[in-house]
Amino acid sequence: MKREIINLWAKIGSEGYWSDLLAKNPSVFVPFSERWPQPGFIGSRYFVSDSRVVVMGQNPRASNTTTTAQADMEMFRLIRNHSQESSAESIATLFSMMRSFMLGTSYGRAWIPITAVRRHLGLKLDNIAYLNLIPLATTGDRIVPAFEDAYEKSTMLQLQSLNPDKIVVFGKGAYDKLEHLGGIDQYDARYVGQRSYRKDAPPVRRWLNG
């Protein structure tokens with residue numbers, strides 16, 4: 001794992017890193033006692049894959065009415081631990097838990113679409129990276145300053161380190177936001193619809209294999 005990513009994840013997982021953004025963006029919903037920024041996931045073979053693919057969602061649990069599962073609380077604890085330790089060991093422990101979620105062996109309802117889309121596209125988890133456009137939960141889906149701030153403070157920096165060949169975006173809305181933020185100009189990207197991913201998957205899979 002690249003040291004700059006380990007360090008960046010530690011910053012993203014710290015409460016102080018987001019204090020200014022949270023203060024000026026009421027649409028961001030992050031009570032830090034219950035939820036924590038979710039920086040992403042990087043497969044163990046991502047950096048040696050023939051084609052680097054990033055799968056991107058919009059944000060973690062966008063609804064402020066969603067209850068927090070016990071497994072999520074454990075993940076948040078591991079993110080906090082990494083923000084304090086900033087070590088290869090702490091991030092490996094976190095990755096191990098997230099890997100089990102994304103393989104479908106242990107996950108709540110929020111992880112089901114991610115797992116299903118990956119399988120329909122024929123993507124092996126260890127070969128991809130996963131990010132949210134904004135690593136913070138929000139109460140609204142429209143473009144707000146929080147998306148621009150969070151993109152510049154985390155997502156853009158992670159993409160620069162990951163240097164993907166292709167990005168698959170989960171949802172037309174998230175794709176439109178990525179385009180608004182300039183990500184489509186910088187990276188080759190396609191999207192699969194949240195409800196139509198079975199229909200959208202074949203052409204996107206051909207694009208991935210092309």
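These are my notes on a helix, a strand residue and a pocket in this structure, which is a predicted model.

**Helix H7**

I looked up which residues of helix H7 (residues 172–180) are buried, and found Ala-174, Tyr-175, Lys-177 and Leu-178. These residues lie on the same side of H7, because they cover an arc of only 160° around the axis. I then checked what covers the buried residues of H7. The cover includes three strands, E2 (53–57), E4 (166–170) and E5 (189–192), together with helices H6 (145–162) and H8 (183–186). I also noted the backbone at Gly-182, just after H7, where phi is positive at about 95°.

**Leu-131**

I went next to strand E3 (residues 128–132), which holds Leu-131. Is Leu-131 buried or exposed? Its relative accessible area is 1%, and the cut-off for buried is under 20%, so Leu-131 is buried. I listed its contacts, leaving out residues up to four places away in sequence. Leu-131 touches Pro-39 and Gly-40, then Val-54, Val-55, Met-56 and Gly-57, and also Thr-155, Gln-158, Leu-159 and Leu-162. I looked up one distance as well: Phe-41 is 90 residues from Leu-131 in sequence, yet their C-alpha atoms are 6.6 Å apart in space.

**Second largest pocket**

I read off about 270 Å³ of space for the second largest pocket. Its lining has 13 residues, and those closest to the centre are Ser-51, Val-53, Leu-123, Asn-127 and Asn-209. Helix H9 (residues 197–209) gives the largest share of this lining, with three residues. I sorted the lining by class and got five nonpolar, five polar and three charged residues.

Note on methods
Residues numbered from 1 in each chain as written. Predicted model: local features only at pLDDT ≥ 70, side-chain atom pairs only at ≥ 80, totals over all residues. Heavy atoms only, no water. Buried < 20%, exposed > 50% of the residue type's maximum accessible area, 1.4 Å probe, protein only. Helix = DSSP H or I, 4+ residues; strand = E, 2+ residues; numbered from the N terminus. Arc of directions from axis to C-beta. Contact = heavy atoms within 4.5 Å. 1 Å grid on protein atoms, 1.4 Å probe; cavity = no way out; pocket = protein on both sides within 12 Å on 5 of 7 lines; lining within 4 Å. Points joined across faces, edges and corners; volume = space filled by probe spheres on them. Nonpolar A, V, L, I, M, F, W, Y, C, P; charged D, E, K, R; others polar.
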